[in-house]
Amino acid sequence: KIQILPVSSILLLVCNLQGYASLCSLITLGRRRCEKGESEVTLEECCLHSEGLYAIWLPESMAVLQEREDTGHLKIMKQAFGNRFFMMICRHKEAKDPILENRIRNHAKRYGIRTVAGQEILYHCTSHRPVQDVLSCIRHRRSLSNCENLLKPNALHELIGADEFLNIFDDDPASVQATVEIARNCSFRLEDVRYIYPEEIHSDRISVVEYLRELTHRGALQRYSGRPPEAISKQIERELQLIEELEYASHFLTMHRIVEWCKQQDIMCQGRGSAANSAVCFCLGITQIDPIDMDLLFERFLSRERDAPPDIDLDIEHERREEVIQHVYDAYGRDRAAMVAVVIRYRIRSAIRDVGTVLDIPASELQRLSKQLNSYGSIAPDDFVRAGLDPSLRTHCLLAELSNAIIDFPRHLSIHPGGFVFTTGPIHEVIPVENATMPNRTVIQWEKDDIEAMKIFKVDLLGLGALTQLHRCFELISQHRGIDLTMNSIPTDDEQVFAMLQKADTTGVFQIESRAQMSMLPRLKPEQWYDLVVQIAIVRPGPISGGMVHPYLRRRAGEEAVEYPHPCLASVLGKTLGIPIFQEQVIKLAMTVADYQPGEADQLRRDMAAWRRVDRLERHREKLVSRMVAKGIKQKFAEQVFDQIRGFGEYGFPESHSASFALIAYAASYLKCHYPAEFACSLLNSQPMGFYSPSTIVEDTRRHGVRILPIDVHFSRRDCTVEPCRESTGGYALRIGLRYVKGINNKEAKSLESTQIAVQSIEELMHETGISKATVKKLAEAGALRGLAANRRTALWMAHGIRTRKEILPTLENSTEFRSLSLEESTAWDYRSTGVSSNGHMLQHYREQLRAQGLPDAKTVNNMPDGRRVRFVGAVICRQRPANASSVVFMTLEDETGFVNTVFWPRCFERYSTLAKTLSLLGVEGTLQVASNVVHLIVDHVWKPTDFSLWKDFRSRNFH
């Protein structure tokens, strides 16, 4: 059924290959009509899109349409569809069935329309009927007690076999024969749809292949200062020949066209992923990694045997990505370009929320229950107990059963982060299209896996906050210091930067700021840029389980000899000390020791990526082992090589991907090291992004000697700014911007920018800027009116007393003075109104109290020896429960001196789960584990700190 069309109660449309374009066009038309709130798609319009379609009049139409309306509609359909128009008879043993069937047969006989037998199938077995009922209620936004006639009266809507179907319609073989006839004629596969990538148009009268060749060679001259090495010239020629053979030239030209437009608009962008393995992409300016210099494998990106279009991802400044998206629409036409969809599926929390609403469970109970659950997984009786609910209640049993049942079910369509598809003809004749919620966007109704299965080219235009931050930081440095920096001009061998990295001083640094990355940096001790490439790749969900981390670190530290299982592998594993870390190395390993062809090796990579299907990888065992033995390698060693590949398979990370990220990570590290004020300012102005909240970023900046200046309407702009300051590290202080005052919109912030020093009173500020009285109150609470009132309480009182044009109340006495806030109270007000504070961390105001209880600060804890028993109180800024960590939970606690990384073993976490999951200020006790300057507190006891009267429930960033 075409659920999107109001006429879905009338028609069931099925098609053969010739009717596929008609069906897509009709679906698109219906979507656009419905979403714009316009009139329904009429039967006449359906008939205009009737080519290759079979139209079937459904039984429920007879119940809702009047007799004379039926007559007119049936005439239209009979005239348009001819012998492709049928009237369906369904038998579900409902009271209305005989009446509807009688009406259908009378109309069919009168107008010479054939009948067809069919059943409405809603589930594959009757046990799933409750799930169907719940999903129906969710779809119609009704509770189960208020579903009226939306649910089916019985469970006879399951998938039935052919024999049972024949028994149901044993008195009407003609209708059954029509069913068989339609099914036979509509044997249609999506694979039969022919997709053609649109050919790029250019001004010169040469082919797209010749144009690509010209651009590539021109780019090579620029990349290598007019003298490309022989190796790069040979590689370019090899790639261009394959691109021409596979007819992919237009795809590369599309990406080049987008990149060039970004450069013209001063939008930072960078290709990443397997595209960095391509010399053509490098010379076209799409990627920034020299694949020859890094010895990257082109077959990881494109091969003859791969039978799939190349995957080119382009990272773009996230706040300017919409400009690029709209440019693509303008350049290719909205009727030939659309974004890719993402099917959002139920996870346990969203399932509980929707199912609970259907079951009329109070929202407060659902909220309490959700806090006890991980994002992934299911719900168990213990979760109800921890939430203070009775798991034996019938309603709660149904909630658990139905919520668990719909996990991973599709919930709604969203938009892919940046996936675009292009077509030669109207895109709606190939794929159904709809208007997105965001203005000026259209989206296809397929997701990326569908696109890949159909071999449709997808261009990924991805937003990356790190590029936004770098661009802003470069602009701040140029503006205040007169130094023009770019990613290419930053020196790559700065000793201070690597000293900072070895101390894991990387809060806010792209890709290397997580707890796991910070724990690895002091052990790996990066000394050059390529070490960051390894660093980013090795800290992934699997290398530890794959047995690669410790051998690599021992070899790097000189504690273990660098050995190769076979001399021929030295060239493959030399960069990583004999330990395979990257996907490209596995491919090269198979090609080197087992003579795999490039396409075979790429298939091995794909089979490793599907690691949950062990059989796909196991089928390579005999081929790999037998070929190695035939090459003179011993059987035992051959088996070891395969075991290593199998163990590495699910954990591999592309070297090209890691290298692209390492460029950005190093640039960010350089800026943090040498320009801390500008780095923090640009990071705060690029939020939301990264691993940490703005308050954590501000505190880290303060610890680096940068003075933090408060929000002040006389000096603050919308964004955070840097100001000259002799007392601050680097000579500049960081001023918090108006954007961090909660409840102030961009328009009001811009109005406040325009006045700044001019106003002399709160009332004048309000009338000059046009901001609302509510906004003035928010500014008063945030301390932003410090130059217009004696203190915050007085400012707030004065804000309440301002009389607007609509108010007839007398103006309050503004001469009233209130007691100033204490430093502790000011910090609490800051966090409540802005989420950040220039007065320091909240816990520093309790330090004497904590010290009196024998509780150390984070800096002291991180300098204690291994095995020391410790009690600590800190703010929870991050919770993590990695899927492959055997239910171990990692938490990062923060105070004014830094972080304490804690580890909760499953038994401990389950014992204290309510406190550990819900408290923002946590007391922990345990034993320190110190190794290679990395400190972890292994927790075995948790408590709730008391006597912190002004502490508020600050939210942590949870990744579990």
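How many of the 10 residues of α21 are buried? The views below come from a predicted model.

**View 1. Burial of helix α21, residues 515-524.** Eight of the 10 residues of α21 are buried, so the helix is largely enclosed by the rest of the structure. The buried set consists of R515, Q517, M518, S519, M520, L521, P522 and L524. K525 follows the helix. The phi of K525 is positive, near 55°.

**View 2. Packing of α21 on α22.** Helix α22 spans residues 529-538. The axes of the two helices lie 10 Å apart, and the packing angle is about 140°. Oblique is therefore the term for how α21 and α22 are set to each other. Their crossing is right-handed. From α21, the contact uses Q517, M520, L521 and L524. From α22, it uses D531, V534, Q535, I536 and I538. By type, six of these contact residues are nonpolar, two are polar and one is charged. Q517, M520, L521 and L524 also appear among the buried residues of α21.

**View 3. Surroundings of S695 in helix α32.** The helix covers residues 694-703. Is S695 buried or exposed? S695 has a relative accessibility of 16%, so it counts as buried, the cut-off being under 20%. The side chain of S695 makes a polar contact of 3.0 Å with the side chain of S693. Leaving aside residues up to four places away in sequence, S695 touches Y831, G835 and V836.

How values were computed:
Residues are numbered from 1 along each chain as its sequence is written. This is a predicted model: local features need pLDDT of at least 70, side-chain atom pairs count only at pLDDT 80 or more; totals for chains, interfaces and linings use all residues. Side-chain values use heavy atoms; hydrogens and water are left out. Helices (H or I, at least four residues) and strands (E, at least two) are DSSP runs, numbered from the N terminus. Buried means under 20% relative accessible area, exposed over 50%, partly exposed in between (1.4 Å probe, protein chains only). A polar contact is a pair of N or O atoms within 3.5 Å; within protein, one must be able to donate a hydrogen and the other to accept it, and residues adjacent in sequence count only if both atoms are side-chain atoms. Contact means heavy atoms within 4.5 Å. Axes are lines fitted to C-alpha atoms, for helices over the stretch in contact, and angles run from 0 to 180 degrees between N-to-C directions. Angles under 35 degrees count as roughly parallel, over 145 as roughly antiparallel, 65 to 115 as roughly perpendicular and the rest as oblique. A crossing is left-handed if the near helix is turned anticlockwise from the far one by less than a right angle, and right-handed if clockwise. Ala, Val, Leu, Ile, Met, Phe, Trp, Tyr, Cys and Pro count as nonpolar, Asp, Glu, Lys and Arg as charged, and the others, Gly among them, as polar.
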